[in-house]
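Got the viewer open? Let's take a walk through this structure, one selection at a time.

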Amino acid sequence: MSQTTDYTPEVLPVLPLRGLVAFPETLIHFDVGRLISMKALEAAMKGSQKVFLTAQCDISTDLPHTDDLFTVGTICTIKQILRLPGDNIRVLVQGTSRAMVQEFQDEDSEKCMYASVVRLDTDPGRISQKRREALVRTLQESVEEYAQLSSHVSRDIVMTVLDNDEPGYLADYTAQNLPISYEIKQELLEELRDVRRIEKMIRVLAREMDILQLEGELQDKLKEAVDKNQRDYYLREQMKIIQDELGEPGTEDESNTYRTKILALNLPEKEEEKLLKEVARLEKMQPMSAESGVIRNYLDIILELPWNTTTPEKHNLTNSRKILDRDHYGMEKVKERIMEFLAVKAMAPELKGQVLCLVGPPGVGKTSIARSVAEAMGRNYARLSLGGVRDEADIRGHRKTYIGAMPGRIMNAISQAGSKNCLLLLDEIDKMGADGRGDPSSAMLEVLDTAQNNAFRDHFIELPFDLSDVLFITTANDLGTVPRPLLDRMEVIELGSYTEEEKAEIALRHLLPKQLEKHGLKKSNIALKHDAMTYLISAYTREAGVRRLEQLLAKICRKIAHRIAKEQQENPDKTIRRRISVTRSNMEEFLGTPRYKKDNVSGRDEVGVVNGLAWTSVGGEMLQVEVNTMPGTGKLEITGNLGNVMQESAKAAVTYVRSIADTLHIDPKFYKENDIHIHFPEAAIPKDGPSAGVTMTTALVSALTNLPVRHDVAMTGEVSIRGRVLPIGGLKEKTMAAYRAGMKTVIVPIDNEPDLQDIEPVVRENIHFVTAETMKTVLDTALCQPVEKELAVLPLGQITPPLGNASGIQKTTMKQ
């Protein structure tokens, strides 16, 4: 800020302004009521009628001191003084010049304040005529646009701005007459450069216009909302009159209906009081308001729940067993557990609900057995699928404050079942996930805990609901993905894969009649015997359950229906009573070329080829292992798309064989001078697990000793580096695969001997089981000759041509 030194300081009375700023060459009027301001006016009128006007820094200060005033103000000439009622004075002044305080001289509250001020000149600046005109036009257009948006600017002010082209005066005049804050006006007053001042004024106007546009939009929206509310009010009043004329129930009748239904539920006092409060809120609201719709929906859902509705249970064990046997073949463990539960309920009716978990591969009837259990027990049935559920709100519901809120799946299923002692099937409980919206499996902990679920609170319902009488049955394919705390709350019942005999019986008893009825056929239209069904199962399906089998039966029924319908249309005058036979020989006409062959098991004893057993999600399978040795540098090749665990098992097998090389009469340096290749056929299929350890060890010993392995022997078990045979899982499915492949002997770990009780009777009758504690038992059983009696030490590096029946596997020279 610059100051002209030609002016002589003047001592003038000071009049502090609150929220106002005076500019030179402009008129301003204001009311005076404070004593210090009146004294300043009196002092000015006694002298030259000049007064120094400056703004207060803080408008809330009633008695300002020198520190409370800006040092830059305006020297004004008093034009008019008008006394108002109540000791107030209205003053009209005209600004003459900017001035700066050099020194305040008196702060006596009973006298006016004086200040020594010096006038300040403004700097017009050196700018081109074009830029000067551009700034003036921009300010004029901005003022004109601002006047259109604001009702506080008169047309006279706009005309004055348009008629003037002096940048400094335009900036001062605009700032004086527009309703902007006094802080901004003070900044403009202190700016002595005309160009900077008009530029700043243009920026201030642009900001003020943006604010005015936003205010206009908000006012328009508010006006629309008010108009809509008024319109809705008039329409609701008209509806009330129309309802009265037609005799239809209004809001009061609706509230009375809700009260009657709530009282009829006989809920506990707290729950009943909460619902009645909701009814009272509904009664006070406008019928068409959004909040009334939320409360009405909430009350409707609450009233649909079976708070005290139960169904009588059936405790007739004989009849219940007949229902279970009628709908499902096999599944003895599940049926036995259900019968035990029914027996306990008959003895102790106060027993609360149980939680059963049916675990097994797809298609074995986990879901369908639950419906039969509900019928056998006389309970209502509801099913909810948990597959893919990732939001906790799916279980507990959303709070009703959210738009579109609804109860969780548990309460929806209870409402669907219609009784509080229903049977709920929680399907695919192992398919639940977790993400940023919560963990639904954690919400299931309270649902399935019989000690806590007697007061389950859904977020939407907000009232405790008793789930202790509900019988929960869950299903899963793999328990590995079920959290341990949740698994501890369930009694697990494992369902294994079906045997071919069981599949054939299920197909003939249940699946085929179902598909005949579905396709409009009769039993007399098809002849499908047991041997043909068994061939269909082995040649066209490879699954643990019967889902694919049912699809194939549907395909056969479609083709038979097509043939019969075509003949009927070709001979409309005749009644076609054709019986079509489906046999092994014509199966390809209906289903095409067989997709599967029997397990690729050799029919002769071979060196280095051993029959292993594997578990898959669709049941057990045969898994052959091939081992070949050749002169080399001691490389160990392991192929067949194997996982890390399986590769480690192969290394453990080599280590064990090295440790007993002397006992087996094998060259102790075989691992240095020979390359060993272990291969699992069907390399496109990933394989992993430790249960092929004994199989690889046996194949390795056979290849190194040139002793063939019995082709009718299969084995499974993990091997340690000390030759111990360790237990494995999936024994039932593995032994079923051995039975299908025609194995006569199966070697299993001795620790799995108790599991043999769970094997199918037909498997136990046709297979001889050998339990092995060490690899010695395995080798003695699987090899055609005892290794310790027939083999001598292998000469180093001496390799003979392949053995004729060993499928290209090379043998070592033996001393007789």
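Start by selecting helix 23 (residues 693–705) and helix 26 (residues 775–782), which pack at an angle of about 60° with their axes 10 Å apart. Helices here are DSSP runs of H or I with at least four residues, strands are runs of E with at least two, and both are numbered from the N terminus. The axes are lines fitted to C-alpha atoms, for helices over the stretch in contact, and angles run from 0 to 180 degrees between N-to-C directions. That angle makes helix 23 oblique to helix 26 (under 35 degrees is roughly parallel, over 145 roughly antiparallel, 65 to 115 roughly perpendicular, and the rest oblique). Helix 23 passes helix 26 in a right-handed crossing, where the near helix is turned clockwise from the far one by less than a right angle; anticlockwise would be left-handed.

Before going on, keep in mind that this is a predicted model: local features need pLDDT of at least 70, side-chain atom pairs count only at pLDDT 80 or more, and totals for chains, interfaces and linings use all residues. Residues are numbered from 1 along each chain as its sequence is written, and side-chain values use heavy atoms, with hydrogens and water left out.

Now show the side chains where these two helices touch. Which residues make the contact of helix 23 with helix 26? Helix 23 brings V694, T697, T698 and V701, and helix 26 brings M775, V778, L779 and A782 (contact means heavy atoms within 4.5 Å). They divide into six nonpolar, two polar and no charged. For that split, Ala, Val, Leu, Ile, Met, Phe, Trp, Tyr, Cys and Pro count as nonpolar, Asp, Glu, Lys and Arg as charged, and the others, Gly among them, as polar.

Stay with helix 23 and add helix 21 (residues 644–659): their axes come within 9 Å and cross at roughly 45°. Helix 21 is therefore oblique to helix 23, and the crossing is right-handed. On helix 21, pick M646, S649, A650, A653, V654, Y656 and V657; on helix 23, pick G693, M696, T697, L700, V701 and L704. This contact has ten nonpolar, three polar and no charged residues.

Just ahead of that, select N641, in the loop between strand 19 (636–639) and helix 21. N641 is not a glycine, yet has a positive phi of about 60°. Most residues other than glycine have a negative phi. N641 is partly exposed at 38% relative accessibility (buried means under 20% relative accessible area, exposed over 50%, partly exposed in between, with a 1.4 Å probe and protein chains only).

For another positive phi, jump to E25, where the value is near 65°. E25 lies in the loop between strand 1 (10–17) and strand 2 (27–32), and at 52% relative accessibility it counts as exposed.

Next stop: R197, in helix 6 (residues 194–246). Buried or exposed, what is R197? R197 is buried, at 2%. Leaving aside neighbours within four places in sequence, R197 touches R98, T122, G168, A171, D172, L188, E191 and L192.

Keep D172 selected and add V762, in helix 25 (residues 761–766). V762 and D172 are 590 residues apart in sequence and 108 Å apart in space, C-alpha to C-alpha.

Finish with the cysteines. The disulfide count is zero, a disulfide being a pair of cysteine sulfur atoms within 2.5 Å. For C57, the nearest cysteine sulfur is that of C76, 18 Å away.
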